[in-house]
Amino acid sequence: MAHTDGVDRITQQWQRERPDLDTTAMAVFGRIYRLARIAGDEGERAYADFGIGRAEFDVLATLRRSGEPYELSPGALAASMMLSTGGTTARLDRLEKAGLAERRPSPSDRRGVLVRLTPEGIDVVDRAVAAGLARQQGLLSHLSPADQRRLADLLRDALEPHDG
């Protein structure tokens, strides 16, 4: 058997106290939660090197992934990040103050605004995403590339009924 961890100890305790329960799902989700928390903390550390947090990274990355001219309406940005427009506004205020994004009037809607990455914002997000990915890859480096792909495939399959 593979080494035991804290999740094993918890499920073993439940098996002792409630042998009628199948704790397999607890073992899976306990580990997913732990790994996600560790990966999130590593990402935060990587992004901090560039003067941003995860919230700001999410905005910058969403704009960068949108393709040139790296510009979206605040509503489209909020929808893509699954945030309220109010939550997006606070993030945009911080990014605009830092010179990483700018708001400008929409050329097609006199009342509308567009959010665009500045050249500095493009540079920061490009370096931050590379640093964050390097940390994520480091967390999985003890697994073979084939095992990493298999894990990604299993997680995709587990999420399939919930994608929508």
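Q: Which helix has the lowest mean pLDDT among the elements of the protein, and which has the highest?
A: This is a predicted model, and helix α4 (residues 74-81) has the lowest mean pLDDT, 87. The highest belongs to helix α6 (residues 119-140), with 97.

Q: And what does the protein average?
A: The average pLDDT is 93, and 99% of the residues score at least 70.

Q: Okay, why would I care about a low pLDDT?
A: Where pLDDT is low, you shouldn't read the predicted coordinates in detail.

Q: Switching to the strands: what is the order in the sheet?
A: There are 3 strands in an open sheet, and the order is β1-β3-β2, with antiparallel pairing.

Q: So which strands stand at the edges?
A: Those are β1 (71-72) and β2 (101-105). Each has a single partner strand, so one side of each is left without a neighbour in the sheet.

Q: How many bridges join β1 to β3?
A: You'll find 2 bridges there, and β3 covers residues 113-117. E71 has R116 of β3 as its bridge partner, while L72 stands opposite V115 in β3.

Q: Now the other pair, how many bridges do β2 and β3 have?
A: β2 and β3 pair over 5 bridges, in the antiparallel sense.

Q: Can you give me one to look for? What is the bridge partner of R104?
A: Sure! Look for L114 in β3, the bridge partner of R104.

Q: Last thing: which helix lies across β1 and β3?
A: That's helix α3, residues 54-65. Helix α3 runs at about 95° to β3.

Note on methods
Residues numbered from 1 in each chain as written. Predicted model: local features only at pLDDT ≥ 70, side-chain atom pairs only at ≥ 80, totals over all residues. Heavy atoms only, no water. Pairing = 2+ DSSP bridges. Helix = DSSP H or I, 4+ residues; strand = E, 2+ residues; numbered from the N terminus. Contact = heavy atoms within 4.5 Å. Axes fitted to C-alpha atoms, helices over the stretch in contact; angles between N-to-C directions. pLDDT = per-residue confidence, 0-100.
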